[in-house]
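Q: I'm new to this structure and would like a close look at one part of it. Could you start with the disulfide and then walk me along strand 4 and its surroundings?

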Amino acid sequence: MSYGWAIIVVLIVFGAFVYAGVLRPLALVPDKCIAPSGFFCESFSYTEAGSLSILLAPQVTGTSAAVTFESVVPSGLSIETESIPSFERGKNILITVSVTGEKAPAVGRKLRASFDIAYTDDFGQPQLASGGDVVVTRG
């Protein structure tokens, strides 16, 4: 057996462990919150009751903001859209949403979600701040 075959066998076994749930790659990722451009994550949490909270510090001022969540892991979960009537630079925004679905992570397991913030700036122009990402352990 050559080294190439040995590497292929190891990769197949590793893939089988991940598929079977023995290994959870998301468990190796540390909790983190990366806010979209124009915002800063102050803190974040995911409670036992299934409530995801993100405290954002805006670096911009705007109105009519809508926070949408997408690319949720595990898949099959539903996270509602949060609306924010207005916000100012230097005043924190607390976003609290419910995470629902059959596959909601158990206590001690992780949730990963990407989020975007669409808002209207001081000049009345629509803006989209995309690229937000949160990985958090429930509990």
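A: In this predicted model, there is one disulfide. The two partners are Cys 33 and Cys 41, and their sulfur atoms sit 1.9 Å apart. A disulfide is a covalent bond that joins the sulfur atoms of two cysteines. Buried or exposed, how do Cys 33 and Cys 41 count? Both Cys 33 and Cys 41 are buried.

Before we get to strand 4, it helps to know what surrounds it. The chain's secondary structure adds up to one helix and nine strands. If you read from the N terminus, the order is α-β-β-β-β-β-β-β-β-β. The chain is more spread out than a compact globule, because its radius of gyration is 19 Å, well over the 14 Å that the globule rule gives for 139 residues. You can see that in the outline too: the C-alpha trace spans about 70 × 35 × 25 Å along its principal axes.

What about the inside and the outside? Of the chain's 139 residues, 32% count as buried. The chain exposes about 8,300 Å², and carbon and sulfur atoms supply 58% of that area. As for charge, you'll find 9 positive and 12 negative side chains, with the centres of the two sets 11 Å apart.

Now for strand 4 itself, which covers residues 62–73. Let's begin with Thr 63, which has its place in this strand. Thr 63 counts as partly exposed, since its relative accessibility is 35%, and partly exposed is the class between the 20% and 50% cut-offs. Leaving out neighbours within four places in sequence, Thr 63 is in contact with Pro 85, Ser 86, Phe 87, Tyr 119 and Thr 120. Take Tyr 119 from that list: Thr 63 and Tyr 119 are 56 residues apart in sequence, yet their C-alpha atoms are 6.0 Å apart in space. There's a chain-wide figure that goes with this. Among contacts between residues at least 6 apart in sequence, 62% join residues at least 24 apart.

Ser 64 also lies in strand 4. Here the thing to look at is the backbone: Ser 64 has a positive phi of about 50°, although it is not a glycine.

Further along, strand 4 holds Val 72. Val 72 has a relative accessible area of 15%, so it counts as buried, the cut-off being under 20%. And which residues does Val 72 touch, not counting those up to four places away in sequence? They are Leu 77, Ile 79, Leu 111, Arg 112 and Ala 113. For some distance in the other direction, try Val 9: Val 72 and Val 9 are 63 residues apart in sequence and 31 Å apart in space, going from C-alpha to C-alpha.

To round things off, compare that with a residue in the helix. Trp 5 is located in helix 1, which takes in residues 3–20. Trp 5 is exposed, because its relative accessible area is 55% and exposed means over 50%. Trp 5 and Pro 105 are 100 residues apart in sequence, and the space between their C-alpha atoms is 37 Å.

So, back on strand 4, keep three residues in mind: Thr 63, partly exposed at 35%; Ser 64, with its positive phi; and Val 72, buried at 15%.

Note on methods. Residues numbered from 1 in each chain as written. Predicted model: local features only at pLDDT ≥ 70, side-chain atom pairs only at ≥ 80, totals over all residues. Heavy atoms only, no water. Disulfide = S-S within 2.5 Å. Buried < 20%, exposed > 50% of the residue type's maximum accessible area, 1.4 Å probe, protein only. Helix = DSSP H or I, 4+ residues; strand = E, 2+ residues; numbered from the N terminus. Rg over C-alpha atoms; globule rule 2.2 N^0.38 Å. Contact = heavy atoms within 4.5 Å. Areas by Shrake-Rupley, 256 points an atom, 1.4 Å probe, with all protein chains shown as cover. Lys, Arg positive; Asp, Glu negative; His and termini not counted. Charge placed at Lys NZ, Arg CZ, Asp CG, Glu CD.
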